[in-house]
Each structure stands twice: as structure tokens, then as C-alpha cells.
Amino acid sequence: MLPAASRLTKSQEFRLVIRRGRRAGRSRLVVHALRPGTPETGRVREGAEHRALSKAHSTPTRDSTGSTRVGFVVSKAVGNAVVRHRTTRRLRHLMRDRIPALPAGTLVVVRALPPAANASSRELGADLDSALRKLRLYPEQSGDGR
């Protein structure tokens, strides 16, 4: 289980990471990441989008020390409730071990795709590692065989 301080919980935070962060897609999942200190985009934002993003920036988070936080999106396309929850638990467990290696203050959203339902934990872990390396959040080669 991820500690509360390591979880993304607000929809505004998910929206911020998905819209402003970088993304790396793999066959079973997509990883969105927003590093701390990412410059604002030059595009002028209007209406509800502007209000939501402004609120996300001004609302204090649970952990103000800048720890890395992770959220998961597993839609109904992945499977029924049992399959979705199992997939989320596996991804949560895999990310728990990877959080210490990520830069402090990074916000990450892991979105499971339908093939994730039938994937082994080893396959999901390989996809996570590959996506994190592509986003340059994870070392190129770690010594423990990942």
C-alpha cells in the first residue's frame, strides 16, 4: 500500500499531470509525469480549465515537502470491478518500489490500458520501467535486474 503522502487524490491534480506533464505509452499502460518546476505553457487558458488549474496550483496538498506522488487510472475498458481493482493493486505495489528512485516532487499518473488486465506483474513492471526511463525519471540500468 502507498502511504497517503505518496498518493494523488484530487481530480485537479490528475488533470494537471495529464494536461501539462509528459507522457510515455507502452502496450499495457501509459505513464504521465510532471516534474517539479515545470514552466507554465504559453497558451492562454479560459473558463473552467483555467479555474481548475488555478485551484490545483493554489490548493495546498497533503504533503507540502515536495514528495513524489502517484495516482492510477484504470477504466472500465480494462475489465469488471474485480479485474480493475486487481490491476490497480499490482500497479500500486510496483510503483511503491520505484518511488524512491524518482526525483523528489514528481507527480505521476499511471493509466492502465485493456491489455494490462491479462499481464503478469513482471510484464507490468517492465512496461513501467521502460516508460519511466523514456521520461528520464528512472536510471537507464539498475543493478537489481529491472
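**Exercise 1. Which residue in β2 is the bridge partner of Gly25?**

Bear in mind that you're working with a predicted model. Start with the strands: β1 (22-25) pairs with β2 (29-34) in the antiparallel sense, over 4 bridges. The two form a hairpin with 3 residues between them. Now look across from Gly25, and you land on Val30 in β2.

**Exercise 2. Work out the strand order of the sheet, and find which strands stand at the edges.**

Step one: collect the pairings. Besides the hairpin of β1 and β2, β2 pairs with β4 in the antiparallel sense over 6 bridges, with Leu29 opposite Ala112 in β4. β3 and β4 run parallel and are joined by 6 bridges; here Phe72 stands opposite Val110.

Step two: string them together. You get an open sheet of 4 strands in the order β1-β2-β4-β3, with mixed pairing.

Step three: check the ends. β1 and β3 each have a single partner strand, so each has one side left without a neighbour in the sheet. On average, neighbouring strands are turned by 15 degrees against each other, ignoring direction.

**Exercise 3. Decide whether β2 is enclosed or open to the outside.**

Take one side of the strand first: Leu29, Val31 and Ala33 are buried there. Flip to the other side, and Val30, His32 and Leu34 are buried as well. That makes 6 of the 6 residues, so β2 is largely enclosed by the rest of the structure. As for neighbours, α4 (121-134) lies across β1, β2 and β4, running at about 35 degrees to β2, while α3 packs on the sheet and touches β2, β3 and β4.

**Exercise 4. Test whether the span of helix α3 agrees with its residue count, then find how its buried residues are arranged.**

First, the span. Helix α3 covers residues 81-98, which is 18 residues, and at 1.5 Å a residue it should span 26 Å. The end C-alpha atoms are 26 Å apart, so the two agree.

Next, list what's buried in α3: Val83, Arg84, Thr87, Thr88, Leu91, Leu94, Met95 and Arg98. Look down the axis of α3 and these residues fall within an arc of 135 degrees, so they line one face of the helix.

Then ask what covers them: β2, β3 (69-74), β4 (107-112) and α4 are among the elements that do. The direction of α3 makes about 155 degrees with that of β3.

Last, the N-terminal end: Asn80 caps α3 there, with a side-chain oxygen 3.1 Å from the backbone nitrogen of Val82.

Definitions and conventions:
Residues are numbered from 1 along each chain as its sequence is written. This is a predicted model: local features need pLDDT of at least 70, side-chain atom pairs count only at pLDDT 80 or more; totals for chains, interfaces and linings use all residues. Side-chain values use heavy atoms; hydrogens and water are left out. The expected span of a helix is 1.5 Å times one less than its number of residues. Buried means under 20% relative accessible area, exposed over 50%, partly exposed in between (1.4 Å probe, protein chains only). The arc is that of the directions from the helix axis to the C-beta atoms. Contact means heavy atoms within 4.5 Å. A polar contact is a pair of N or O atoms within 3.5 Å; within protein, one must be able to donate a hydrogen and the other to accept it, and residues adjacent in sequence count only if both atoms are side-chain atoms. Two strands pair if DSSP finds at least two bridges between them. Axes are lines fitted to C-alpha atoms, for helices over the stretch in contact, and angles run from 0 to 180 degrees between N-to-C directions.
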